[in-house]
Amino acid sequence: MNSPSSSIPQDGLFDASLVERLEPVDDGLMDANGGERKRFRAFEPDAVMLVPPSLEEWLPEGHLARFIAELVENELDLTRFYASHKKAKGQPPYDPRLMLRIVLYGYCTGVRSSRQLERACTDVVALRWLAAQQAPDFRSIGRFRQRHLAALANVFLQALELCRAAGMVKLGMVALDGTKLRANASRHKAMSYARLTEKQKVLAQEISDLMAEAKTVDESEDAKFGPGKRGDELPVELANRQARSKAMAAARASLEQEAADKARVEAEEKAAKRGDDDDEITGAGDTAARESEPRPTAQRNFTDPQARIMKTADGSYHYCYNAQAVVDAGHQVIVAAELGQGANDYGQLVPMVERVQENLGMMPKTLSADTGYCSKANLVEAGRMEAEHGTGFFISTARVKHSTPIPESPRGRIPANATLGERMARKLKTKPGKKIYSRRKVIVEPVFGQIKTRQGKHLLLRGLQNAQAEWKLLAAGHNLLKLHAFRAQGAG
């Protein structure tokens with residue numbers, strides 16, 4: 001007797017007679033049991049559009065892209081962008097209005113890479129609409145950004161003025177803070193001063209050996225082929241080593257200059273405190289600078305030599321820049337934005353307050369800052385500016401957790417011998433002081449979170465000047481997003 005499997009054809013995986021065949025459903029509106037069948041929207045991927053679509057139908061009213069287009073067309077001053085195009089020769093470049101629309105929208109939405117912007121001009125409806133379907137390539141976008149970097153940074157001031165005209169900037173209460181922005185630099189392409197010194201010696205010997213080898217080869221080839229052969233071609237190995245040696249020499253010189261400058265400043269400050277005259281102060285600085293030497297662990301990066309190693313919020317160390325911002329309390333508009341190389345914030349208080357006055361022509365009523373800005377020099381300057389302009393400074397004198405309550409204000413008069421730090425600490429314990437300083441973290445800290453979440457936490461451009469312009473462009477994008485939301489609420 002045959003087994004059940006003997007009747008299954010050997011060329012199949014199962015018995016075809018056991019499979020229930022389903023008939024295709026017809027195009028009627030009733031199913032097989034007479035019930036009504038579910039309707040679906042028409043889907044015809046190969047359908048041909050008889051009427052060309054209008055670009056204006058692609059985006060809804062109130063879209064951010066429409067807001068950016070309106071700004072570029074009617075509200076921003078583009079004189080700086082057009083002024084750089086003076087020569088009539090060559091191929092016509094893209095209109096600065098088109099390129100600015102793309103760059104501003106990209107910096108508002110976190111699409112900042114020139115290659116990402118090129119792809120988005122094809123794939124993303126908003127950018128395709130902004131570019132009017134021209135889709136400039138990444139080289140054109142990169143050249144536009146590099147050529148007009150100063151003008152793009154100036155957009156921050158124009159956006160700030162628009163926010164001010166809309167009533168979003170009052171300068172009644174502002175807060176100052178800093179954040180670390182990752183530089184476009186790899187930690188693996190850096191060397192310490194000690195290793196630079198050692199590696200330079202090794203490279204110098206390798207270059208000497210290669211030069212001797214090249215000379216020997218030239219002599220043998222001259223003997224074989226004649227003296228007519230050129231001898232100035234550098235072997236690839238030699239050219240690469242010479243380039244590396246040049247970069248190392250520049251990095252070492254930078255570290256030595258930095259150490260000398262620091263030693264000079266410290267020596268001159270000590271001499272001034274001793275009461276020395278001007279010549280003695282200068283001589284002390286010159287001697288200290290001449291005898292200074294960088295720390296063996298001091299590092300310099302080769303991809304972005306102007307970036308500095310800094311400790312970030314997660315406790316790790318990266319090459320960063322220190323981004324500073326003064327934020328208005330009303331609508332979290334950035335009223336001043338700068339970027340520096342210092343890891344701490346001590347030296348940023350006075351320049352940032354002065355930048356607010358330069359940008360808006362007036363001083364804020366009150367300014368709060370955390371303990372990173374508390375130093376004797378800053379407290380002295382804060383007292384001077386408070387007496388001159390009436391600005392109230394509320395600077396924390398001790399690092400405290402956000403959840404820690406501020407102690408009650410001590411009663412009685414302030415002791416005559418109280419230091420500036422003690423006076424500021426007492427000021428923060430008063431009812432007005434507690435009220436103003438408690439607002440600091442909700443004014444400025446969310447701004448950094450919004451920028452890093454929506455626009456990006458890394459800088460793309462290398463070098464201090466370029467990175468500073470990019471930070472101002474990010475700040476301009478933040479302010480434009482605030483202005484867009486403000487106008488949308490007003491329209492609603």
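I started at Gly167, just after helix α7, and found a positive phi of about 85 degrees there. A reminder to myself: this is a predicted model.

Next I stepped back into α7 itself. The helix runs over residues 149-165, and its 17 residues reach 25 Å from first C-alpha to last, close to the 24 Å expected at 1.5 Å a residue. Is α7 mostly covered or mostly open? I found it mostly covered, with 12 of its 17 residues buried. Among these buried residues I noted Leu149, Leu152, Val155, Phe156, Leu160 and Leu162, but also the polar-looking pair Asn154 and Gln158.

Then I turned to the largest nonpolar core, which holds 93 residues. Which members touch the most others? My list reads Ile68, Leu76, Leu100, Leu104, Ile334, Ile395 and Trp471. Domain 1 (50-166 + 463-491) and domain 2 (167-184 + 304-459) both give residues to this core, so it lies between them.

I picked Ile395 for a closer look. Leaving out residues up to four places away in sequence, its contacts include Leu349, Ala369, Tyr373, Cys374, Met424 and Leu428, and Asp370 is on the list too.

Last stop today was Asp345, in the loop between β6 (334-340) and α11 (349-360). Is Asp345 paired in a salt bridge or left without one? I found none, although Asp345 is buried. The nearest side chain of opposite charge belongs to Lys180, 5.2 Å away, and a salt bridge would need the charged atoms within 4 Å. With the same sequence neighbours set aside, I saw Asp345 touch Gly178, Asn322, Gln324, Gly372 and Tyr373.

How values were computed
Residues numbered from 1 in each chain as written. Predicted model: local features only at pLDDT ≥ 70, side-chain atom pairs only at ≥ 80, totals over all residues. Heavy atoms only, no water. Core = buried A, V, L, I, M, F, W, Y, C linked by side-chain atoms within 4.5 Å. Buried < 20%, exposed > 50% of the residue type's maximum accessible area, 1.4 Å probe, protein only. Domains from an automatic or database assignment. Contact = heavy atoms within 4.5 Å. Helix = DSSP H or I, 4+ residues; strand = E, 2+ residues; numbered from the N terminus. Expected span 1.5 Å × (residues − 1). Lys, Arg positive; Asp, Glu negative; His and termini not counted.
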